[in-house]
Amino acid sequence: MDFVMMIVVAPADQAQEIADSECPMDEWQGIEAAEVTPAMLAQISSALTGEALAEALDRCEPVAWGDSGACVLGLDAALGPRLLDCADEALEELAEELAASEAFETAGWQAGEVYSLLVAMQDLATLASSDELRFFAWVRER
């Protein structure tokens, strides 16, 4: 199956509204993440928070379903603050580590691509921290 994913930042109580949206980036700040999988998000979360990968995978479960078949994954609330704590050099090291992980390596991601994703997520984290928003991943079959 082929999926569309968007990572957005929104108030914690808006998961259902995000799930019901046809295009969440029309209403919330976010990034298109077409090639990103829930396993990759869990790997990022695990690497940043120190949480076991199995626990991070459990957190990447749907928290809301939309009528159009979209679902919203709730991501660890610590993800944003941890991204903000990373200096550029730390993000580069993290990108290298993640590129060698099963989730990214299987998909053929290079460290530079992972780094670009992390920088985009860090930019969202900056916005999230100023407005007390959290990360959500909107996923729908293409």
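Val63 lies in strand E3, and this residue makes a convenient starting point for a walk through the fold. The model is a predicted one. Leaving aside neighbours within four places in sequence, Val63 is in contact with Ala15, Val72, Leu73 and Gly74. The C-alpha atom of Val63 is separated by 10 Å from that of Ala137, a residue 74 positions away along the chain.

The strand that holds Val63 belongs to an open sheet of five strands, ordered E2-E1-E5-E4-E3 and paired in the antiparallel sense. Strand E2 (29-32) and strand E3 (62-65) stand at the edges with a single partner strand each, so one side of each has no neighbour in the sheet. On average, and with direction ignored, neighbouring strands of this sheet are turned by 25 degrees against each other.

At one end of this order, E3 pairs with strand E4 (residues 71-74) in the antiparallel sense, over three bridges. Pro62 has Leu73 of E4 as its bridge partner. E3 and E4 form a hairpin with five residues between them, and Gly69 in the turn has a positive phi of about 95 degrees. The side chains and glycine of E4 are worth a look too: Cys71 and Leu73 point one way from the strand, Val72 and Gly74 point the other way, and all are buried. E4 also pairs with E5, again in the antiparallel sense, over four bridges. Here Val72 has Trp138 of E5 as its bridge partner.

Trp138 appears once more in the surroundings of Ser21, a residue in the loop between helix H1 (15-20) and E2. Apart from neighbours within four places in sequence, Ser21 is in contact with Glu27, Trp28 and Trp138. Is this loop residue buried or exposed? With a relative accessible area of 4%, Ser21 falls under the 20% cut-off and is therefore buried.

Attention now turns to the helices. Helix H7 (residues 111-131) packs on the sheet, where it touches strand E1 (3-10), E2 and strand E5 (134-141). The direction of H7 makes about 170 degrees with that of E2. H7 has 21 residues, and the distance from its first C-alpha to its last is 30 Å, close to the 30 Å expected at 1.5 Å a residue. The buried residues of H7 are Ala111, Val114, Leu117, Leu118, Met121, Gln122, Leu124, Ala125 and Ala128. Just after this helix, Glu132 takes a positive phi of about 55 degrees.

H7 also packs against helix H5 (residues 88-99). The axes of H5 and H7 come within 8 Å and cross at roughly 130 degrees, and the two helices are therefore oblique to each other. Their crossing is right-handed. From H5, the contact is made by Asp88, Leu91, Glu92, Leu94, Ala95, Glu96, Leu98 and Ala99. From H7, the contributing residues are Ala111, Val114, Tyr115, Leu118, Val119 and Gln122.

H5 has a further helical partner in helix H2 (residues 38-49). These two helices pack at an angle of about 130 degrees, with their axes 11 Å apart. H2 and H5 are therefore oblique to each other, and their crossing is right-handed. On the H2 side, the contact is made by Gln43, Ile44, Ala47 and Leu48. Leu94, Glu97 and Leu98 make the contact on the H5 side. Leu94 and Leu98 of H5 are thus listed in the contact with H2 and in the contact with H7.

How far should the 12 residues of H2 span at 1.5 Å a residue? The expected value is 16 Å, and the end C-alpha atoms are 16 Å apart, which agrees. H2 is mostly covered, with nine of its 12 residues buried. The buried residues are Met40, Leu41, Ala42, Gln43, Ile44, Ser45, Ser46, Leu48 and Thr49. Among them, Gln43, Ile44 and Leu48 also take part in the contact with H5. H2 is followed by Gly50, whose phi is positive, near 85 degrees.

Key: Residues numbered from 1 in each chain as written. Predicted model: local features only at pLDDT ≥ 70, side-chain atom pairs only at ≥ 80, totals over all residues. Heavy atoms only, no water. Pairing = 2+ DSSP bridges. Axes fitted to C-alpha atoms, helices over the stretch in contact; angles between N-to-C directions. Contact = heavy atoms within 4.5 Å. Expected span 1.5 Å × (residues − 1). Buried < 20%, exposed > 50% of the residue type's maximum accessible area, 1.4 Å probe, protein only. Parallel < 35°, antiparallel > 145°, perpendicular 65-115°, else oblique. Left-handed = near helix turned anticlockwise from the far one by under 90°.
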